[in-house]
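Here are my notes for your first look at this protein, written as numbered points. Keep the structure open beside you and find each residue as you read.

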Amino acid sequence: MAAKKEHSNSKLVAQNRRARFDYFLTETFEAGLALRGTEVKSLREGKGNIQESYAEPKNGEIWLINAYIPEYQSKMPFGHEERRPRKLLLHKREIAKMSDAVNKKGTTLVPVKVYFNDRGIAKLELAIGEGKRKSDKRDAIKARDWQRDKARILREH
């Protein structure tokens with residue numbers, strides 16, 4: 001499961017675009033999400049945000065913290081908490097690997113994207129990330145700008 005797969009039939013719900021800018025992402029994992037019915041309905045509408053969220057190990061499980069899934073707008077009187085901790089469904093080997101990685105200094109579990117796979121099941125792509133320094137971020141900005149300028153120059157000629 002640790003291998004990165006390309007999801008051709010998947011429907012992207014939320015993406016953490018700053019994750020690749022703020023962290024060196026070393027290894028990615030696909031995790032299931034333990035969700036309530038109204039949360040699934042809200043995600044199917046394309047609502048949800050994982051920008052400020054992170055994952056952490058607790059009691060031999062991995063939990064997604066601070067992910068925002070808004071309440072489903074319907075006539076039902078009950079809903080769900082928008083920022084409640086959500087359990088991630090992973091194999092024990094993967095949980096052990098992630099827990100060991102988080103115990104090292106400077107590493108964290110970064111949610112990259114939430115999507116529905118081809119079977120219609122909500123999945124979270126989670127990566128082990130090592131924080132970038134300011135100089136690394138500046139280098140990334142320089143490289144991106146140079147690629148953009150180079151493409152512009154080649155297009156003009």
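1. Start at N66, which lies in the loop between β4 and β5 (86-89). This is a predicted model, and in it the phi of N66 comes out near 65 degrees, a positive value in a residue that is not glycine. Most residues other than glycine have a negative phi, so a positive one deserves a second look. Is N66 buried, exposed or partly exposed? With a relative accessibility of 25%, N66 counts as partly exposed, because buried means under 20% and exposed means over 50%.

2. Another asparagine belongs in this discussion. N59 is placed in the loop between β3 (54-58) and β4, and its phi is near 55 degrees, again positive in a residue other than glycine. How exposed is N59? Its relative accessible area is 81%, so N59 is exposed. When you check the backbone, please look at N59 and N66 together.

3. Now step back to the whole chain. The protein has four helices and seven strands. Going along the sequence, you will meet them in the pattern β-α-β-α-β-β-β-α-β-β-α. The C-alpha trace spans about 60 × 40 × 25 Å along its principal axes. Of the 157 residues in the protein, 34% are buried.

4. Next comes the inside. Which residues touch the most other members of the largest nonpolar core? They are I62, L88, V114 and L126, in a core of 24 residues. Two or more core residues come from each of β1 (11-15), β2 (23-33), β4 (61-65), α3 (92-103), β6 (107-116) and β7 (122-131). The element that gives the most is β7, which supplies four residues. Try colouring these elements in your viewer and then picking out V114, which appears again in the next point.

5. How many cavities of 30 Å³ or more does a search of the whole structure find? The search finds two. The second largest cavity holds about 60 Å³ of space. It is lined by 13 residues, and those closest to its centre are L43, I50, A67, I69 and V114. Sorted by class, that lining consists of ten nonpolar, two polar and one charged residues. V114 therefore deserves a label in your figure, because it is listed both here and among the core residues with the most contacts to other members.

6. The rings come next. A search of the whole structure for aromatic pairs finds zero. Rings do have charged partners, though. R44 places its charged end over the ring of F116, 4.3 Å from the ring centre. K132 does so with the ring of F24, where the charged end is 5.1 Å from the centre.

7. Now follow two residues, one in a strand and one in a helix. I128 belongs to strand β7, and K97 belongs to helix α3. Is I128 buried or exposed? I128 has a relative accessibility of 7%, so it counts as buried. K97 has a relative accessible area of 40%, which means that it is partly exposed. From C-alpha to C-alpha, I128 and K97 are 9.7 Å apart, while 31 residues separate them in sequence. K97 and R152 are 55 residues apart along the chain, and their C-alpha atoms are separated by 43 Å.

8. Finally, compare two glutamates. E30 sits in strand β2, and E56 sits in strand β3. Which class does each belong to? E30 is buried because its relative accessible area is 16%, below the 20% cut-off. E56 is partly exposed because its relative accessible area is 24%. E30 lies 16 Å from A67, C-alpha to C-alpha, with their positions 37 residues apart in sequence. For E56 and L109, 53 residues apart along the chain, the C-alpha separation is 6.7 Å. Drawing both distances in your viewer is a good way to finish.

Conventions. Residues numbered from 1 in each chain as written. Predicted model: local features only at pLDDT ≥ 70, side-chain atom pairs only at ≥ 80, totals over all residues. Heavy atoms only, no water. 1 Å grid on protein atoms, 1.4 Å probe; cavity = no way out; pocket = protein on both sides within 12 Å on 5 of 7 lines; lining within 4 Å. Points joined across faces, edges and corners; volume = space filled by probe spheres on them. Nonpolar A, V, L, I, M, F, W, Y, C, P; charged D, E, K, R; others polar. Phe/Tyr/Trp six-rings, centres within 6.5 Å; stacked < 30°, edge-to-face > 60°. Lys NZ or Arg CZ within 6 Å of the ring centre and 35° of its normal. Core = buried A, V, L, I, M, F, W, Y, C linked by side-chain atoms within 4.5 Å. Buried < 20%, exposed > 50% of the residue type's maximum accessible area, 1.4 Å probe, protein only.
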